[in-house]
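Ready to work through a protein fold with pencil in hand? Each exercise below comes with a task, followed by a solution in small steps.

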Amino acid sequence: MKKPKIYDLSSRERMLNFPFPLIHVGWMPHHIHYHNDTLITDCFICLSSNVESCSESIVDGVKHISPERVTPHFSIIRPGTRFHTITAAYHDELFFSYPAECYEKLIKLLQGNTGFCFSAYPEEPMADLKRELENLDEPGAADRADVAAIRLFTEII
């Protein structure tokens, strides 16, 4: 995945009743985004890498400074979180959005890990996810993308 792309899985037919149905997957290389007092309504998992500088934000009324990062960073954002960007940083971002009701189940699956750095993206789960996203019109592809995303997270953890 080299170019920016957002995959909408919200209306894709699911054949399984997997507990973590993706709404969107987005790949945003060399991305910068400003939140203007934004209320997050879905559950988001963000994998950020190549963060070129520090960023400053106000998150739920508390100022946060995120350092420049060489290694990728994993974070899960709780629905109901309010963001306001003071200073943004260019970065590569792979994000996943889920229905708000998935948040607690994801926290449990991720063993309470809500933010940490990791060494590298696992190649095989990334390739599986990419393949499913590029073939979303095939029967069962949305189900397989749901599973591939969870496999990616668990491999990272």
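Before we start: two strands count as paired if DSSP finds at least two bridges between them. Also keep in mind that this is a predicted model.

**Exercise 1. Pair up strand 5**

Task: Work out how many bridges join strand 5 to strand 6, and in which sense the two strands run. Then find the other partner, strand 8, and say how it pairs with strand 5.

Solution:
- Step 1. Count the bridges between strand 5 and strand 6: there are five, and the strands run antiparallel. Five clears the cut-off of at least two bridges, so the two strands pair.
- Step 2. Pick out one position to check by eye: V59 stands opposite V62 in strand 6.
- Step 3. Look at the turn. The hairpin of strand 5 and strand 6 has two residues between the strands, and D60 takes a positive phi near 50° there.
- Step 4. Now turn to strand 8 (residues 82-87), which pairs with strand 5 (residues 55-59) over four bridges, again in the antiparallel sense. Here S57 has T85 as its bridge partner in strand 8.

A bit of background: strands of a sheet pair through backbone hydrogen bonds, either parallel or antiparallel.

**Exercise 2. Put the sheet in order**

Task: Give the strand order of the open sheet of four strands, and name its edge strands.

Solution:
- Step 1. Read across the sheet: the order is 3-8-5-6, with antiparallel pairing.
- Step 2. Look for strands that pair on one side only. These are strand 3 (38-39) and strand 6, the edge strands.

**Exercise 3. Is strand 4 enclosed or open?**

Task: Use burial to decide how far strand 4 is enclosed, then list how it pairs with strand 9 and strand 7.

Solution:
- Step 1. Buried means under 20% relative accessible area. Six of the seven residues of strand 4 are buried, so the strand is largely enclosed by the rest of the structure.
- Step 2. Check strand 9: it pairs with strand 4 over seven bridges, in the antiparallel sense. F44, for instance, has S97 in strand 9 as its bridge partner.
- Step 3. Check strand 7: it also pairs with strand 4 in the antiparallel sense, over five bridges. L47 has F74 in strand 7 as its bridge partner.

**Exercise 4. Find the nonpolar cores**

Task: Say which residues touch the most other members of the largest nonpolar core, and which helix gives the most to it.

Solution:
- Step 1. The largest nonpolar core has 34 residues, and those touching the most other members are L9, I45, L47, F96, Y98, L106 and F153.
- Step 2. Ask where the members come from. At least two residues each come from strand 2, strand 4, strand 7, strand 9, helix 1 (103-109), helix 2 (123-134) and helix 3 (141-156).
- Step 3. Helix 3 gives the most, with nine residues.
- Step 4. Don't miss the second, separate core: it has seven residues, including C46, V59, I77 and F95.
- Step 5. Zoom in on L9. Leaving aside neighbours within four places in sequence, L9 is in contact with residues including L22, V25, L133 and A145.

**Exercise 5. Explore the largest pocket**

Task: Find the volume of the largest pocket, the residues nearest its centre, and the make-up of its lining.

Solution:
- Step 1. The space in the largest pocket comes to about 1,100 Å³.
- Step 2. Its lining has 37 residues, and H35, C46, S75, I77 and F83 lie nearest the centre.
- Step 3. Sort the lining by class: 14 nonpolar, 18 polar and five charged residues.

**Exercise 6. Buried, partly exposed or exposed?**

Task: Classify T71, N113, H30 and Q111 by accessibility.

Solution:
- Step 1. Recall the cut-offs: buried is under 20%, exposed is over 50%, and partly exposed is in between.
- Step 2. T71, in the loop between strand 6 and strand 7, has 35% relative accessibility, so T71 is partly exposed.
- Step 3. N113 sits in the loop between helix 1 and strand 10 (115-117). At 27%, N113 is partly exposed.
- Step 4. H30 belongs to strand 2 and is partly exposed at 46%. H30 also has a positive phi of about 45°, although it is not a glycine.
- Step 5. Q111 is in the loop between helix 1 and strand 10. With a relative accessible area of 64%, Q111 is exposed.

Terms used
Residues numbered from 1 in each chain as written. Predicted model: local features only at pLDDT ≥ 70, side-chain atom pairs only at ≥ 80, totals over all residues. Heavy atoms only, no water. Buried < 20%, exposed > 50% of the residue type's maximum accessible area, 1.4 Å probe, protein only. 1 Å grid on protein atoms, 1.4 Å probe; cavity = no way out; pocket = protein on both sides within 12 Å on 5 of 7 lines; lining within 4 Å. Points joined across faces, edges and corners; volume = space filled by probe spheres on them. Nonpolar A, V, L, I, M, F, W, Y, C, P; charged D, E, K, R; others polar. Core = buried A, V, L, I, M, F, W, Y, C linked by side-chain atoms within 4.5 Å. Contact = heavy atoms within 4.5 Å.
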